[in-house]
Amino acid sequence: LIVDDEQRLREILQRAVESWGFRADGARSGEAALRLMQADPADVSIVDLNLPAMSGIDLCEKLHADFPGHQMIVLSGFGDLQSAQAAIRLDVVDFLQKPCRLNELEQALHRATQRLPARLPAAPPAPPPPATAPEGKQTLEDVERDHILSTLQRHDGNRTAAAAALGISRRTLQYKISHYQKQGHII
């Protein structure tokens with residue numbers, strides 16, 4: 001279960017997790033996550049700390065209390081020492097900072113599946129981390145950039161249509177494009 005209020009990131013994470021052989025559902029809030037868990041409990045959740053209404057730590061506390069054996073991974077850009085300490089008390093599998101490398105998230109997910117109660121089939125062994133990070137889609141930021149640029153290309157450069165397809169405002173898309181130009185990803 002991927003819990004993040006940013007729709008694009010949630011969708012990117014769902015695609016990545018599914019490409020690793022797992023089923024993934026997404027929720028934009030803690031309340032929505034709890035409803036999904038009641039209807040069809042997930043074994044592992046990836047939780048952002050900065051959620052609307054119920055915080056990510058509050059959600060983790062509720063999951064820990066209501067779903068014994070459920071494993072949690074925190075993935076947030078707003079982590080602080082207090083949040084990290086609370087996560088440790090809740091026995092989260094990992095506390096990752098955004099943007100993180102996808103292989104770090106994949107490793108955390110495999111560790112989480114290995115901690116599941118024995119009633120579940122064992123997860124395939126996690127691939128060893130590469131000695132050096134290969135070039136390409138390594139961070140969530142890289143995956144997001146590629147997704148945005150390919151969507152822009154599919155719409156022949158039409159920024160209004162691309163923004164609508166991405167579910168973001170044209171202004172946000174313009175900001176992203178400007179950022180990519182400064183980084184040298186777009187000429």
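In this predicted model, the buried residues of helix 6 pack against a varied set of elements: helix 1, strand 4, helix 5 (102–114), helix 7 and helix 8. The residues in question are Leu140, Asp142, Val143, Glu144, Arg145, Ile148, Thr151 and Leu152. Charged side chains thus stand in this list beside aliphatic ones, with Asp142, Glu144 and Arg145 among the buried positions. Helix 6 itself covers residues 140–154, and its 15 residues should span 21 Å at 1.5 Å a residue; the end C-alpha atoms are indeed 21 Å apart, so the expected and computed spans agree. After helix 6 comes aspartate 156, which has a positive phi near 50 degrees.

Helix 1, one of the packing partners of helix 6, invites a similar description. It comprises the 13 residues 7–19, and the distance from its first C-alpha to its last is 18 Å, close to the 18 Å expected at 1.5 Å a residue. Its buried residues are Arg8, Leu9, Arg10, Ile12, Leu13, Gln14, Ala16 and Val17. Glycine 21 follows helix 1, and its phi is positive as well, near 95 degrees. On the other side of helix 1, the loop that connects it with strand 1 contains glutamate 6. With a relative accessible area of 39%, glutamate 6 is partly exposed, because this value falls between the 20% limit for buried and the 50% limit for exposed residues. The C-alpha atom of glutamate 6 lies 9.6 Å from that of aspartate 48, although 42 residues separate the two along the chain.

Helices 7 and 8, two further partners of helix 6, also meet one another. Two packed helices are described by the angle between their axes and the distance between the axes. For helix 7 (residues 159–166) and helix 8 (residues 170–183), the axes come within 9 Å and cross at roughly 105 degrees. The two helices are therefore roughly perpendicular to each other, since the crossing angle lies in the range of 65 to 115 degrees. Helix 7 contributes Arg159, Thr160, Ala162, Ala163 and Leu166 to the contact, and helix 8 contributes Arg170, Leu173, Gln174 and Ile177.

Stepping back to the whole chain, the count is eight helices and five strands. Read from the N terminus, the elements follow the order β-α-β-α-β-α-β-α-β-α-α-α-α. The chain has 187 residues, of which 45% count as buried. Among contacts with a separation of 6 or more, 56% are between residues 24 or more positions apart.

The five strands form an open sheet with parallel pairing, in the order 2-1-3-4-5. Strand 2 (26–27) and strand 5 (94–97) stand at its edges; each has a single partner strand, so one side of each lacks a neighbour in the sheet. Strands of a sheet pair through backbone hydrogen bonds, either parallel or antiparallel. Starting from the strand 2 edge, strand 1 (residues 2–3) pairs with strand 2 in the parallel sense over two bridges, and isoleucine 2 has glycine 26 as its bridge partner there. Strand 1 is also joined to strand 3 by two bridges, again running parallel, with valine 3 opposite valine 47. Valine 47 has a further bridge partner, valine 74 in strand 4, and strands 3 and 4 are joined by four bridges in a parallel arrangement. The series ends with strand 4 (residues 71–76) and strand 5, which pair in the parallel sense over four bridges; here serine 76 stands opposite glutamine 97.

Burial tells an instructive story about strands 3 and 5. In a regular strand the side chains alternate between the two faces of the sheet. Strand 3 (residues 44–47) is covered on both faces, with Val44 and Ile46 buried on one side and Ser45 and Val47 buried on the other. In strand 5, Asp94 and Leu96 point to one face and are buried, whereas Phe95 and Gln97 point to the other and are not.

Finally, the cysteines deserve a brief look. Cysteine 60 counts as buried because its relative accessibility is 0%, and cysteine 100 is buried too, with a relative accessible area of 3%. The structure holds zero disulfides.

Note on methods
Residues numbered from 1 in each chain as written. Predicted model: local features only at pLDDT ≥ 70, side-chain atom pairs only at ≥ 80, totals over all residues. Heavy atoms only, no water. Expected span 1.5 Å × (residues − 1). Buried < 20%, exposed > 50% of the residue type's maximum accessible area, 1.4 Å probe, protein only. Disulfide = S-S within 2.5 Å. Pairing = 2+ DSSP bridges. Axes fitted to C-alpha atoms, helices over the stretch in contact; angles between N-to-C directions. Parallel < 35°, antiparallel > 145°, perpendicular 65-115°, else oblique. Contact = heavy atoms within 4.5 Å.
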